[in-house]
Amino acid sequence: KAAVPPPRSAEAPPPMQVLGTQRAVPSPVNTIGSGPVPLTSAQTLKWADLVDTRVPDTWVETKQYDRQGKVQEGDLVMVSRSDGSTRFAQVLKKAGFFFQDAWEVVVTVNPDGTAAATRVEEGNMLGRPRPDALAAIGAQPSPVKEVKVAAQKRAGSSQGGLFGIGAGTVFEEDADSQARVPPPPPAQIPKAVPPQMPPKAVPPPPLAKAAPPPP
């Protein structure tokens, strides 16, 4: 009989290669798009502490404020809000055409003091607080500084009056710079093929009659 070879010993698996124990720091995640959130610089508002706060109910026109006078960028003004209240706002810039007395004003601010939402108002609808009235409530401008914020875009409201008067603008994170994959086209359902009728049976040819025998 042939000798049976001894069984081979099980080979030990190769040792695992340790690449390192330091973890990579994840980059900021954009909740709207994919990839890191782009950052940009923005200025805080001069009247960030007063924007979106209610005007005192005791204020009277021609005493604590007026509706006439020159309006400039950065001025503190008063606007009527949709809830019926009158609140402070800050003039951001001129709006509309050159012959229009329209202004874009900041109505809400972010916690860091930057603009959160704006709207366009006619100049004759903006209240101009008097300096002595502001001093009576202890209102003072804040120092303007540069801060780092997420890149923003303007998402204008579809509602608004003539030339955008009264239309609101909300600042949102900009996801346009992120690559977006278009959705796949809908699957095409094949059309049902109607069943084919079987071919009609062809009748056999008539049999030839036998000729009668001769007499």
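Among contacts in the chain between residues at least 6 apart in sequence, what percentage join residues at least 24 apart? In this predicted model, the share of such contacts that join residues at least 24 apart is 61%.

The chain holds one helix and ten strands, and, when these elements are read along the sequence, they follow the pattern β-β-β-β-β-β-β-α-β-β-β. Of the 215 residues in the chain, 28% are buried, while the area that the chain exposes comes to about 16900 Å², with carbon and sulfur atoms supplying 59% of that area.

One residue, Arg67, can be followed in more detail. Arg67 sits in the loop that runs between strand S2 (65-66) and strand S3 (76-80), and Arg67 is classed as partly exposed because its relative accessible area of 26% falls between the limits of 20% and 50%. Leaving aside residues up to four places away in sequence, Arg67 touches Glu61 as well as Gly123, Asn124, Met125, Leu126, Gly127 and Arg128. With one of these residues, Met125, the contact can be described further, since the side chain of Arg67 reaches the backbone oxygen of Met125. Pro129 is 62 residues away from Arg67 in sequence, yet the two are 8.8 Å apart in space, C-alpha to C-alpha.

The two distances that involve Arg67 are set out below.

| Pair | Atoms or groups | Distance |
|---|---|---|
| Arg67 and Met125 | side chain of Arg67 to backbone oxygen of Met125 | 2.9 Å |
| Arg67 and Pro129 | C-alpha to C-alpha | 8.8 Å |

Notes: Residues numbered from 1 in each chain as written. Predicted model: local features only at pLDDT ≥ 70, side-chain atom pairs only at ≥ 80, totals over all residues. Heavy atoms only, no water. Helix = DSSP H or I, 4+ residues; strand = E, 2+ residues; numbered from the N terminus. Buried < 20%, exposed > 50% of the residue type's maximum accessible area, 1.4 Å probe, protein only. Contact = heavy atoms within 4.5 Å. Polar contact = N/O pair within 3.5 Å; in protein donor to acceptor, adjacent residues only side chain to side chain. Areas by Shrake-Rupley, 256 points an atom, 1.4 Å probe, with all protein chains shown as cover.
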